[in-house]
Amino acid sequence: MSTPAVSFLQASGKPFRVFDTDVDGVDFSTIDIGAFFAEQMGMPGERVYKSLMASAQGSLVMGLVPVTQKISLKHLALAVGKRKATMVPPEKAEELSGSVIGGISPFGLDTPMPIVIDQGAFAHPTIAVSGGSRELKVELTPADLVDMLGATIADIAIT
């Protein structure tokens, strides 16, 4: 399966690995989506990152944090030079990204926005993020992710 995110990664020339996960019959409203995908990929949750979209004083921003943690909206806002941020409603995030919850990728977004990755990503040789659909996840180095996206590194994850 090809998605705008996978096409973006292929065009980058950087190495990455694709995981095709099995989501048939899964009711995503009743499970911990992050834990589900970590188990599907055989990876610890600390290395599987979720993409969370927020509005920082009217400007869209995406934060990437481990599925085992939450995002500090205050720290996310500060990372992009704003004072506060609020989460974008799921339906709006789907519209702006061109994907569904559980499949929103920082790569190939329909609506470009700054990306902030939690600094904890650099404690791992590779991390996994969505490949643009619920079924697809991609694994790559944090350094390559930052390089390809021009992402900001900040302490945005909280327990």
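Visitor: Is Glu95 buried or exposed?
Guide: Keep in mind that this is a predicted model. Anything over 50% relative accessible area goes down as exposed. Glu95 has a relative accessible area of 55%, so Glu95 is exposed.

Visitor: Which residue forms a salt bridge with Glu95?
Guide: Look within helix H4 (residues 90-97), about one turn of the helix away from Glu95, 3 residues apart in sequence. The residue there has 36% relative accessibility and so counts as partly exposed. With the closest N and O atoms 3.4 Å apart, the partner is Lys92.

Visitor: How many salt bridges turn up in the whole structure?
Guide: The pair of Lys92 and Glu95 is a salt bridge, and Asp147 with Lys14 is another. Searching the whole structure gives a total of 5.

Visitor: In what order do the strands of the open sheet with E1, E7 and E8 run?
Guide: Start from the edges: strand E1 (17-20) and strand E7 (127-130) each pair on one side only. The pairing is antiparallel, and the twist averages 30 degrees from one strand to the next. That gives the order E1-E8-E7.

Visitor: Which residue in E8 is the bridge partner of Phe19?
Guide: E1 and strand E8 (residues 136-140) run antiparallel, with 4 bridges joining them. For Phe19, the partner in E8 is Lys137.

Visitor: What angle does helix H5 make with E8?
Guide: Helix H5 (residues 142-149) packs on the sheet, where it touches E7 and E8. Comparing the direction of H5 with that of E8 gives about 105 degrees.

Visitor: How many residues apart in sequence are the parts that Asp147 and Lys14 tie together?
Guide: The two side chains meet in a salt bridge at 2.8 Å, N to O. Asp147 sits in helix H5, while Lys14 is in the loop between helix H1 (4-12) and E1, so the parts they tie together are separated in sequence by 133 residues.

Visitor: Which residues are linked with Lys14 in a network of salt bridges?
Guide: Lys14 itself counts as partly exposed, at 27% relative accessibility. One partner is already familiar from its 2.8 Å salt bridge with Lys14. The residues in the network with Lys14 are Asp144 and Asp147.

Visitor: Where does Arg47, the salt-bridge partner of Glu139, lie?
Guide: The closest N and O atoms of Glu139 and Arg47 are 2.9 Å apart. Both count as buried, Glu139 at 10% relative accessibility and Arg47 at 18%. Glu139 belongs to strand E8, and the pair ties together parts 92 residues apart in sequence, with Arg47 in the loop between helix H2 (33-41) and strand E2 (49-56).

How values were computed: Residues numbered from 1 in each chain as written. Predicted model: local features only at pLDDT ≥ 70, side-chain atom pairs only at ≥ 80, totals over all residues. Heavy atoms only, no water. Pairing = 2+ DSSP bridges. Helix = DSSP H or I, 4+ residues; strand = E, 2+ residues; numbered from the N terminus. Axes fitted to C-alpha atoms, helices over the stretch in contact; angles between N-to-C directions. Contact = heavy atoms within 4.5 Å. Salt bridge = Lys/Arg side-chain N within 4 Å of Asp/Glu carboxyl O. Buried < 20%, exposed > 50% of the residue type's maximum accessible area, 1.4 Å probe, protein only.
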